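This report asks how the strands, helices and ligand surroundings of the model shown here are arranged. It begins with one strand pair and works outward from there.

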Amino acid sequence: ISPDENEKLDLLYNKDYYSSSVLGLVRLLKLEQEFMENFTIYTNVLQEKVDNINIYLDTLTRSPHKTHKKREKFVSNPLNAFGLIRRLHQDWPKWQNYTKKPLGLLQLNAMEEILSKVPESFDMNETLKAMHRIETTYDLQAKDIASGLLQSTQFNYKLNMRDCLALAHHKFEVGYFHRSLLWFQEALSLTTELSQDIISNLKSLELEAFATSIITRSIYLSGQSLSNKTIHKLVSSQLKDAKQKDLEEIISSKLSQLNKESKNASDILKTNPNAHNIGCQGLFPKPTNLSCRYNSTTNMFLKLAPLKMEEMSRDPYIVMVHDVISDRDIEEMKGTIEEMGTGWSGSDSSMEIVARIYWERKKSPFRDRINQLISDITGFKLEEFPALQLANFGVGGYFKPHFDYFSERLTKDDADNTLGDRIASFIFYAGEVSQGGQTVFPDIKVAVEPKKGNALFWFNDFDDETPDPRSLHSVCPVIVGSRWTITKWIHYKPQIFVKPCSTRFRKKSF
Ligand SMILES: O=C(O)CCC(=O)C(=O)O
Ligand SMILES: [Fe+2]
């Protein structure tokens, strides 16, 4: 990578994107609100001008003087003659000037300023990907999503024709022709609503862009070896003079054709559910041999307020602790956040921006309390690495399957190797997530609902600090909700005197 490209990447990665967190989306909502307020004032100012002109025109209402005789009679009266000359000499030039007076400049400038902050193509693409992730992970249907039905919940929100068209085009670009066709049909079924719209020619532009992509692709697929220039010419000639209806026809028929040709290939294979998707859809078999219990032994304080512990898996050990963090704690947590940074999923070339994160490095009563709580629950010592990581996911935000042990995730914030590996992970669920966002362990078929107030604890390593690959875990795309988490990684070395005696070693095969 050249220094230039490095700089570009740096810019891309250090930007605060709207799509990567619900916090970012809240900022964007405020931005749109501001834009609409300015637009409203602007239209009011325009309206006032129209009103003023109308009031003046109303003062001049008179009979239409249809014949020459009537007109002659009218101007033969000195009052009318005088008024006529005076108006044309004095008034009308002023009104003409009035029409030229610029209006609402303040608002127009404010709107321009706001438009300089709107989402760029990166954010647009991320939100298309997020929608795609939600659709494919949970195997939702275009018509359901468009009408506000997400899984079994019916919302009062709907997508409009332009939303569906953008999704159809994206599905085509990523090779999901079947889904693309369904979204396109959805868009067509909604066309009436905007057909009279002043911006409907924008729709034609988008249809044209879509048709161009499709025809270009089918020419490529036809196997003729043509230069890009020739292809471009061919496409333009096919689309020349195409009306909106023609464009719709071209897109529909080509998509159907692509879909037929690729049957059993792209869509079906790609949406073939993997273990992560099965977990997200709630289809793991229900475990039967697990227990719930009150824990009041790790610490004196627990005798007063025992912990509600629910086993999620016995081997490897995964436990959910119910109702351990209060709404007040969560509000306090949000108050401690300064600037948030970009949260990532994946590694190297497949890195994706999925959340905003904040490392709580400064000592605070909140941080002390949370660390104490984790110590009380787990019995582990945290003094040597007191930092906490807070995260807020975006809608559709997720985390690819990964391991938390160091060999996998070496980050500069947490890579103090003198403390040893991250033998265990502890996560508080600190946001309201009504759909999606589960923590999933695909290999051992465990899926955990991110219920606000609860916490999840699991081991990443065996007792001898060797990695336990069954700790592979992922986060399902958030469908509805603002997913906040507080994460703590528990390191090996500080636990040297407190580690449980049970020996959980990697099973060696000889
Ligand atoms: O938020 C979660 O449920 C898990 C996050 C995670 O796996 C991580 O940050 O390493
Ligand atoms: Fe993780």
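## Sheets, helices and the ligand shell

In this predicted model, strand β7 (residues 352–360) pairs with strand β8 (residues 388–393) in the antiparallel sense, and six bridges make up the pairing. Within this pair, Trp359 stands opposite Gln389 in β8.

Both strands belong to an open sheet of nine strands, whose order is β3-β4-β5-β14-β10-β17-β8-β7-β6 and whose pairing is antiparallel. Its edges are formed by β3 (292–295) and β6 (341–345), each of which pairs on one side only, and from one strand to the next the twist averages 30°. Helix α16 (residues 365–378) lies across several strands, among them β7, β8, β10 (422–429) and β14 (455–459), and it runs at about 60° to β17.

A further open sheet contains four strands in the order β9-β15-β12-β13, again with antiparallel pairing. Here the edge strands, each pairing on one side only, are β9 (399–402) and β13 (446–448), while the twist averages 15° from one strand to the next. Strand β9 is joined to β15 (residues 473–475) by two bridges, and the two strands run antiparallel; Phe399 stands opposite Val475 in β15.

The table sets out the two sheets.

| Sheet | Strand order | Edge strands | Average twist |
|---|---|---|---|
| Nine strands, open | β3-β4-β5-β14-β10-β17-β8-β7-β6 | β3 (292–295), β6 (341–345) | 30° |
| Four strands, open | β9-β15-β12-β13 | β9 (399–402), β13 (446–448) | 15° |

Phe399 and Val475 also appear around ligand 1, whose surroundings comprise these two residues together with Asp404, Ile427, Thr439, His473, Thr485 and Thr487. The elements that give two or more residues to this shell are β15 and β17 (484–491). By class, the shell around ligand 1 has three nonpolar, four polar and one charged residues.

Elsewhere in the chain, helix α6 (residues 121–137) packs against helix α8 (residues 161–173) at an angle of about 80°, with 10 Å between their axes. Because angles of 65 to 115 degrees count as roughly perpendicular, α6 and α8 are therefore roughly perpendicular to each other. In their contact, Leu128, Met131 and His132 in α6 meet Ala166, Leu167 and His170 in α8, which by class amounts to four nonpolar, two polar and no charged residues.

As for the overall division, the chain is split into domain 1 (22–115), domain 2 (140–270) and domain 3 (280–495). The centres of domain 1 and domain 2, taken over C-alpha atoms, are separated by 43 Å.

Methods. Residues numbered from 1 in each chain as written. Chains lettered and ligands numbered in written order. Predicted model: local features only at pLDDT ≥ 70, side-chain atom pairs only at ≥ 80, totals over all residues. Pairing = 2+ DSSP bridges. Axes fitted to C-alpha atoms, helices over the stretch in contact; angles between N-to-C directions. Near = placed C-beta within 6 Å. Nonpolar A, V, L, I, M, F, W, Y, C, P; charged D, E, K, R; others polar. Domains from an automatic or database assignment. Parallel < 35°, antiparallel > 145°, perpendicular 65-115°, else oblique. Contact = placed C-beta atoms within 7 Å.
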